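Thanks for coming. I will take one model and go through its cross-links, then its sheets, then its surface. The structure goes up now.

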Amino acid sequence: MRVKWVGLALIVASAVAHVGLAQEAAADPVASCALTAPPDVLLGRSETLTVTLSNSGADPGFVPVVDLRVPAAVTVSAATVAGRAATVLPPLALGPVGVPHPVSGALVTGAAGTRLVVVRLPLSSAAPGLAALDVQITFSVPDAPATAVDTALSLSATCGFAFGKDALKNPVPDPPVYSTPQSASLTPRVVAVTSEFQQAAVCQGPVEPARQIFSIDIAEGVTLSMPQLSALISDDFVVTGASAPGSLSITLPPGPDLPGGVVQVPYGVVTGVAGLDLSITVDGYVLPGTVTQAAPGTPVMVTNTSRLHGTGLETTPLTYQRGASPSATTDVLARSASVRAHALRVDETVSVVPSRPDDLFDVITRICVASDFTLAAASLVSVLPDGTGHRAAVTPGGVVTPGPSSTSVAFTLGPLAPGEVRTVTYRAALSQAYASAAPVLGGDVFTTSATATATVAGTGGATFSATESATGADASPRATPPSITVSIPEVNGAPVAPVRFRVGDVVTFAVDVPLPSGDQGEVTVEVFLPPVFNVQQHGASGSAVAPPAPPTLPPAIRLGATHDASASASWTTNDLANRLTFVVPATSGTTTPRSIRLLADFTVTSAAVEDGLILTTPASLSAKASGSTVVTGLSLTDATLDAPRLAVALTRLLVTDVDAGSQVTYQLRVDNVGHSEAVAVKLYQLLPVGLIPGALVSVTDGNDAALPHDGGDLFDSLAGLTLTNPLPSGQGPLSAAIVTFTATLGDVAAGASLTLTGQVIGYQSGGGGGSYPPVQDSATLQTRSFLVDNAQSPPGQPTVTIGSVVAHQVTITVPEGTTDGVALSVVLDPELVLEGAVTVTPGAGVTAGTGVAPGTSSFVANLGTVINANRDDGVAETVVVSYAVRVANVAEAQDGDDAVNGASSLSWSGAGPVTDESEPMDIEEPDLQLLLTASPGAPAQAGEPLSFTASVTVPAGASVSAYDVSVVAGPGTNLTVTGVTVSGDVTGAPAPPGTAFDLAALPDVDQPGRRRWRRAQRRWRPGE
């Protein structure tokens, strides 16, 4: 921005960082906050609360926000500040677990059930010295739980700067800056009552007619059950009439002109809807005699009260219901209003509001007397303030009495009848010709005043007096104050719409201050520049009219074409606040309007700024009026700063399993997704331990065209690799830089997880912008793990019998590299036990431990540090662990379970396990037949020998031999065993007589290995 304010060069060197960004770490913004909320809110009705934000620190705060924490029942719909709309972001549900703030990105927490509503102000920063900002926030309570009606709801507000001390969204190094929370409460209501008196705008006599309107406002969807609205009339007020939608009951004292009474409207069941009018209008007047001679000139307040209540007495609470909610009860609601009664009243207004010297206006004064008084004589004096004067009489009889700094116009009115109104008018002017000590200045307010004095007839000289100043929006003459407008008419010397600029651009600010009059008190203009525009290196002050000679730099501050030549201006700078102050001296002696147009050019400096950040430049004005009255104004202008924004992606090419010695290829891609080119883009590739830097394959754009670079070391965080050409914006192939490189795995462990991080460790905006924080992306490289295969040896023995022995071996395929703490654990099913020794056999090229810790049904092979030094990926190196199992004669082997195996689990330091189970084996049980015979048969004589034969056979066609067969035989009742013999194809010896026969084996009589369905073994029992 080239500040076109005559002669002084304000071009900011791009290498200078703004004070308060990098150089002034100790100068921080300090957010202050105030919260004002209405105490009562009608359900569904929009209301406004005010949050005031200011910066009392020494440095700007970036992106002002208001964070409202509200109950779920409160809805925020809009917000404004300085006449501009603010952005209300969708609410976030809070709880003990942090959620990202929608503007800053920092995590925020809150009480469960609370919602966070963020209001983003339409300013990019708030500078120290900027006037406090009143944020008007529109909210409502659409609905509330039944328990919340008539119960205060708590809310809180914090004011702050979401981006913190710099213009980047980087909450970790630069967290948001917040004020202490400010709390308030509001109470949801289902019904409201209002009451107001309306007196005539013109003086119609001190006891003039007055109208009082009592109104009920019911929230939509709320039903009132038989409410009544009563107007309790004061004993000093006479009712002349009343009206209301619906039926009306009036209870008044008997006879005319009697005060007091009750005006009441009973309603049926009423449900609140939009446009519903429930009101009572009461017309009347103050009872004569209310104002007495005991209080001459002092108004008497007469008050009527409205009460909303239930059926019956005025003390009965009303009931209401919302939707399907049960009825609830609230207190009686009462509202009062008062009317003023005067014995003597003066009312003064002006016909028009003048704005510049020599403007004319009429002063209209009315004097009114109460109907119970007759005035023998009355006079009126109207006083014009300094800077205004009498020009002509409109009503005859006025006498002008000049004073040292004002003019008095006196009227002799003569007698006034009871209730009479007398009006006098004269013409005056706003002019410095009538100013005794100072010219008429913009912003001056001139208030007229009138005093009436009267003698009451028949009272021996008692007097009344009344004084009134001109009141109302159109009552006081006011010299139009100067106003201010700040704008950006040019960027790099040419109009731009909408306004966007980049680092290095020259941006022109224009400050326009029209002076409605040549007479003007000192005008001060302050331009609060966002910190990307630096006010340093320009000296302490200068003149906008007399440039230094000879100028050493292009004019940076100058006057615009519409600037009046007589409106000189000087300027000063405040580097810490990044503020320019322009002062236009006080002038007098002319009534010709003038115009101040100051142009300032600035070059966008080196501050790093979030791409697309809307920078707001506030400019404030203060103009001294007479009596040191200060009139202020504020103007804002917006512009979008285009900046680079880099996105990083790290990807691997040719994805395959890798282990020690493998070479991997990666691409580090950087895209400029911002709106401005990036320069001095420096890249760095961080490799984890175990990954050895390889070669830089290529540096290209998205079209595979080579990109120039400085040849730096990509793998050195200090050197890095820097692109020598700017990286353009545009989000297309030409805005991408793709770095392809290789790396080799060292002696890494199996199953290791290696994290690579590609980084842009620094870049700047085109034109030499300040360095942006690093941007990075990570990728994970997983090395090849062990493979475990647990199988029978030789394979293919799916069926076994009790007592069978089966050999197994676990084959461990070892990836290349060195892995510590390797151990293989094998756990057998309960039907299996280890048979013999366990052996560990490392294959060729593999070094491993061979120690085994055996058990009955499990073992651990401690392989220790396993080294595979072979780098030939085409050959698989292994470690073989061999063991044998026997099928035990246990209950688990006889319960019909048809799948038994051994589970192997391989683990190593910090990783694993890798598991595998051996092929399931079916346990097939033998099929035996038992036959018991006796000889001779029955009947038998006592003492006669008997022979019993128990025949156990494997039937023809059986496929499984029976092992460890036991036969239990016992004599029946009254039988004694005398001997036992065993015969047949058996091995083993019989057990003691009368107990069991232990048969070692009964061979099958069918083909070995034939699979049969298993059948439960039959066992002989007594009686079979």
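Which residue forms a salt bridge with Asp28? The partner is Lys165, and the closest N and O atoms are 3.2 Å apart. By salt bridge I mean a side-chain nitrogen of Lys or Arg within 4 Å of a carboxyl oxygen of Asp or Glu.

Before going on, the ground rules. This is a predicted model, with residues numbered from 1 along each chain as its sequence is written. Local features need pLDDT of at least 70 and side-chain atom pairs count only at pLDDT 80 or more, while totals for chains, interfaces and linings use all residues; side-chain values use heavy atoms, with hydrogens and water left out.

Back to the first pair. Asp28 sits in the segment before strand E1 (31-36), and Lys165 in the loop between strand E14 (153-164) and strand E15 (177-178), so the salt bridge ties together parts that are 137 residues apart in sequence. Strands here are DSSP runs of at least two residues, labelled E and numbered from the N terminus. Asp28 is partly exposed at 32% relative accessibility, and Lys165 is partly exposed at 26%. For these words, buried means under 20% relative accessible area, exposed means over 50%, and partly exposed is in between, with a 1.4 Å probe and protein chains only.

The disulfide involves two of those elements. A search of the whole structure finds one disulfide, the term standing for a pair of cysteine sulfur atoms within 2.5 Å. The disulfide joins Cys33 to Cys159, S to S 2.2 Å. Cys33 is in strand E1 and Cys159 in strand E14, so this link ties together parts that are 126 residues apart in sequence. The link is right-handed, with 50 degrees about the S-S bond. Are the two cysteines buried or exposed? Both Cys33 and Cys159 are buried.

Now the other salt bridges. The search of the whole structure finds 15 of them, and I will show a few. Asp512 and Arg597 form one, with the closest N and O atoms 2.6 Å apart. Asp512 is in strand E41 (residues 506-515) and Arg597 is in strand E47 (residues 594-603), 85 residues apart, so to speak a link between distant parts of the chain. Asp512 and Arg597 are both buried.

A further salt bridge is between the side chains of Arg871 and Asp747, at 3.8 Å from N to O. Arg871 belongs to the loop between strand E66 (858-868) and strand E67 (877-887), and Asp747 to the loop between strand E55 (736-745) and strand E56 (753-765), so the pair ties together parts that are 124 residues apart in sequence. Arg871 is partly exposed, with a relative accessible area of 41%. Asp747 is also partly exposed, with 48%. Finally, Asp40, Asp150 and Arg189 are joined into one network by salt bridges that share partners.

On to the sheets. Strands of a sheet pair through backbone hydrogen bonds, either parallel or antiparallel. Two strands count as paired if DSSP finds at least two bridges between them.

What is the strand order in the open sheet of four strands? The order is E30-E31-E36-E33, with antiparallel pairing. Strand E30 (344-350) and strand E33 (388-393) are the edge strands, each pairing on one side only. In the middle of my list, strand E31 (residues 359-369) and strand E36 (residues 421-430) pair in the antiparallel sense over ten bridges. Thr365 has Val424 in E36 as its bridge partner.

Strand E35 (residues 407-412) has two pairings to show. With strand E32 (residues 375-384), strand E35 pairs in the antiparallel sense over six bridges, and there Val381 stands opposite Ala410. With strand E34 (residues 398-402), strand E35 is joined by five bridges, again antiparallel. The bridge partner of Val400 in E35 is Val409.

Two items remain, both further along the chain. Thr799 lies in strand E59 (residues 799-800) and is partly exposed, with a relative accessible area of 24%. The C-alpha atoms of Thr799 and Asp922 are separated by 4.6 Å, with the two residues 123 residues apart along the chain.

The other item concerns Leu932, in strand E71 (residues 929-935). Leu932 is partly exposed, with a relative accessible area of 33%.
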